[in-house]
Amino acid sequence: MNNNILAIILGGGKGSRLAPLTESRSKPAVPIAGKYRLVDIPISNCINSDIKRMFVLTQFNSASLNQHIKNTYHFSHFSTAFVDILAAEQTPENPTWFQGTADAVRQCMQHFLNHDFDYALILSGDQLYQMDFNLMIQAHIKSNANISIATLPVTAKEAPEFGILKTDDQNLITSFIEKPAAHLLPEWTSEVSDEMKAEGKHYLASMGIYIFNRDLLVQLMSNPDTKDFGKEIIPQAIGNQKILSYQYEGYWTDIGNIDSFFEANLGLTDDIPKFNLFDNSSKIYTRARVLPPSKITGASSFDKSVVAEGCIIHSSKVEHSVIGIRSRIGKDCVISNSYLMGNDFYQNLEEISHNLENDIINIGIGERCHINNTIVDKNCRIGNDVHLIGGKHLEDVNTALYTIKDGIIVVKKGAVLPDGFAV
């Protein structure tokens, strides 16, 4: 185990751009790929890198995240490994909630300093990627850097969405600009691999993954005026500290809004997905559930879809979709380009029969439904003959039952859609 590394995973703020998925849960607790939570990604990357001392910092809607981590990450009683939640707390010294990423770390420093470590690995809780942090740590130590930043080569089209870093011939960062305008980009190219050049990726974007030497982190956190790593700590350190750019060329996406979340999940259905769930060396860990295999009856048709365990799917057509745990889909449904998050529990036969006799909609998808370009959050009750057809023709709207963003319909957690409902 890497005993000289302490991982700090930032849970993020309110996650308003991911609403309504974050109305009742924090960003790291949002379900992905039908069976995982977003926080499982950085934690799994740490475990796969033999980093097993982790703190997760959060302050909004943290109950489900706490429960998930408590029920998931158990290490040997004779090990020093842990994954601990640090929720924002008011103290005499810090009467306010977290004011930014750096402020969150500052307010929790007393807890970090109870542990021995030489380097702090600071991660985001809402990114999708598979990375061996050991390679970054080795590069950090070898270069004798004070800070290392993971950087991703991006194109000119992508660059204005990121903080862009410029490096010298030793991969040391010399300057930084936040979301540069297109006309400034020619001045911000950095040296990248020939493969990245061939793809038109000449700019280095910060991935929001940092390594700090312990003593420097303590020093920087002593200034209460700096609230954020990306906007203040890093720009102010350039020129004053030795900062290494560690280039990462694999798949990485920032799950910041509904569109990127939707695209990342449906991307898992590709023949060779950019994010590989089937990699023996980069497993994604999550809560171990005791669920039966999925059961599919009738002349169902599946194409380019991912189906989690515990589902009951009747005669249906499912294409380019992710079907989450314990999903129930009725007869003659067509599910396409959609993500059904599934359910947290099963209804027993008595309850199902009682509901049918009393015209109460059961959990899951009813019969003859057509769902396209839609995210269905957990524990929804969707009646028969419901049509949810998303697309760019729809205007953004927020209702009690669903939200539309960028043409994607998001059915809210626990929503009940009556028979014949249509969007």
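The side chain of Glu191 makes a polar contact with the side chain of Lys197, at 2.9 Å, in what is a predicted model. Glu191 itself is found in the loop that lies between strand 10 (173–178) and helix 5 (194–198). Besides this residue, the points below describe two open sheets, one of 5 strands and one of 7 strands.

**Around Glu191**
- If residues up to four places away in sequence are not counted, Glu191 touches Thr167, Lys197 and Gln247.
- Although Glu191 and Asp169 are 22 residues apart along the chain, their C-alpha atoms are separated by 7.4 Å.

**The sheet of 5 strands**
- This open sheet has the strand order 15-18-21-24-27, and its pairing is parallel.
- Its edge strands are strand 15 (301–303) and strand 27 (387–389), each of which pairs on one side only.
- Neighbouring strands of this sheet are turned against each other by 5° on average, when direction is ignored.
- Strand 15 and strand 18 (residues 316–319) run parallel and are joined by 3 bridges, and within this pair Ser301 stands opposite Lys317 in strand 18.

**The sheet of 7 strands**
- Here the open sheet follows the order 16-19-22-25-30-29-28, and the pairing is mixed.
- Strand 16 (306–307) and strand 28 (397–398) are the edge strands of this sheet, and each pairs on one side only.
- Strand 19 (residues 322–323) runs parallel to strand 22 (residues 339–340), with 2 bridges joining them, and Val322 stands opposite Tyr339 in strand 22.

Technical notes. Residues numbered from 1 in each chain as written. Predicted model: local features only at pLDDT ≥ 70, side-chain atom pairs only at ≥ 80, totals over all residues. Heavy atoms only, no water. Pairing = 2+ DSSP bridges. Helix = DSSP H or I, 4+ residues; strand = E, 2+ residues; numbered from the N terminus. Axes fitted to C-alpha atoms, helices over the stretch in contact; angles between N-to-C directions. Contact = heavy atoms within 4.5 Å. Polar contact = N/O pair within 3.5 Å; in protein donor to acceptor, adjacent residues only side chain to side chain.
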